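This briefing introduces one protein model to a reader who has not seen it before. It covers an annotated domain and two pockets.

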Amino acid sequence: MQQKTITTDVLDIAYLEYGTPDGWPCIMGHGFPYDVNAYAETAPIIAQAGARVLVPWLRGYGPTRFRFPETLRSGEQAALGADLLAFMDALRIERAVVGGYDWGGRAACVVAALYPARVVGLVSGNSYNIQDIARSMEPGAPAHEAALWYQYLFHNERGRRALERNRRGFARQLWSMWSPTWAFDDATFERSAISFDNPDFVDVVIHSYRHRYALVAGDPAYAGTEERLAAQPPIRVPTIAIDGDSDGVDSGTAHHARKFEGFFERRVFAGAGHNLPQERPAEWAQAVADVRKAAAGS
C-alpha cells in the first residue's frame, strides 16, 4: 500500500493505492464521517484478486486539499461525482469498478448514472444514493426523521459551531449510533478521526447537508450536473447494492431496485451497520469480485 497524490483542476487528491499498477482498476469511496481506513482490510483482499485498488480521501478529508482559496467548499453530490471523474482522468483510467457507501457511494452512483461508459460495475452501499433535492422537504416516518437529527442541526449556525468545536465527538456519536453492533476501539476511531482535522472539513460538511435540502446554492461549476441529477437518472451498469440490517441511519433500500436497469442484485449484510466495508471487509470484497464477473458476462 502506498499513499500518493494526484492533481486535478480543483483538488490535490490524496489516495491510497493497493496492488500492482497493471491490475484492473477499482476505486472505492468512503463516507461521512469516515475516511480511507474504511477499506484498510477490504482493499488488500481485492488487490489479491488482481486489482489496482485506489481509495481517495474525499474533498475536505485527510490530506486532500483544494488548490485555490476562492473555490466554494461545496459538498454537493455533483461535486463529489466530478471529483471521482477528474480523479480517473488524472490517472488516465478509462474504465473501473467503482463503489462506496454514503458520500463515496453517492459519487460512484453519480458517475455510474451519468457516465456509464466509464464504469465496469458498481458496488453501492445503500443502493441508489443520488439525492432527490426537489423532494427533500417531504417528511418521512418519525423514526426516519429522528435518525436525521444531525442533518437538521447542521442547517443552522449552532450546528456549524458544534461541529467545529467537537469534530471527533460528533463523529464518534454517529459511528456508535449508525453501527450499534460494531465494537470499534479507540485506536480504530482515531486512525480515521485525524482526517477530520482537514481545514475544509467543516465547510464541506455543512454545505453538503444544507445543499441537499436546497437551503444553499451549489457551486455554479456543477449546475449542469445537478440539473441532470434532478431527473433521477437510472443506473444501467451492473450493480450490487448492499444494506446492513443493523444500519442506524438507513432502514433499508429494497425499494430502490426500480432505479437500476440491467444486472442488479441486492445483498444484506447480517449484523452490519452503516460502515459496510470496514465492518464486513471480506463480504464487501466478494461483492466487488462478483460485480466484475457479472459485468464480464453481460
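Which helix gives the largest share of the lining of the second largest pocket? That share, eight residues, comes from helix H2, residues 77-90. The model is predicted, and the points below are grouped by topic.

**Second largest pocket**

- The volume of the second largest pocket is about 240 Å³.
- Its lining consists of 15 residues, and Ala 82, Asp 83, Leu 85, Ala 86 and Tyr 222 are the ones nearest the centre.
- Sorted by class, the lining of this pocket holds eight nonpolar, four polar and three charged residues.

**Largest pocket**

- The largest pocket has a volume of about 1200 Å³.
- A total of 36 residues line the largest pocket, and those nearest its centre are Gln 131, Asp 132, His 144, Asp 250 and His 256.
- Helix H3 (102-114), helix H4 (142-147) and helix H5 (149-153) are the elements that each contribute two or more residues to the lining of the largest pocket.
- Polar residues number 14 in the lining of the largest pocket, with 12 nonpolar and 10 charged residues beside them.

**Annotated domain**

- An unreviewed UniProt entry carries the annotation "domain: AB hydrolase-1" for residues 29-276.
- Within residues 29-276, helix makes up 38% and strand 13%.
- The C-alpha atoms at the two ends of residues 29-276 are 12 Å apart.

Terms used:
Residues numbered from 1 in each chain as written. Predicted model: local features only at pLDDT ≥ 70, side-chain atom pairs only at ≥ 80, totals over all residues. Heavy atoms only, no water. UniProt positions renumbered as here; feature names shortened; annotations may be inferred. Helix = DSSP H or I, 4+ residues; strand = E, 2+ residues; numbered from the N terminus. 1 Å grid on protein atoms, 1.4 Å probe; cavity = no way out; pocket = protein on both sides within 12 Å on 5 of 7 lines; lining within 4 Å. Points joined across faces, edges and corners; volume = space filled by probe spheres on them. Nonpolar A, V, L, I, M, F, W, Y, C, P; charged D, E, K, R; others polar.
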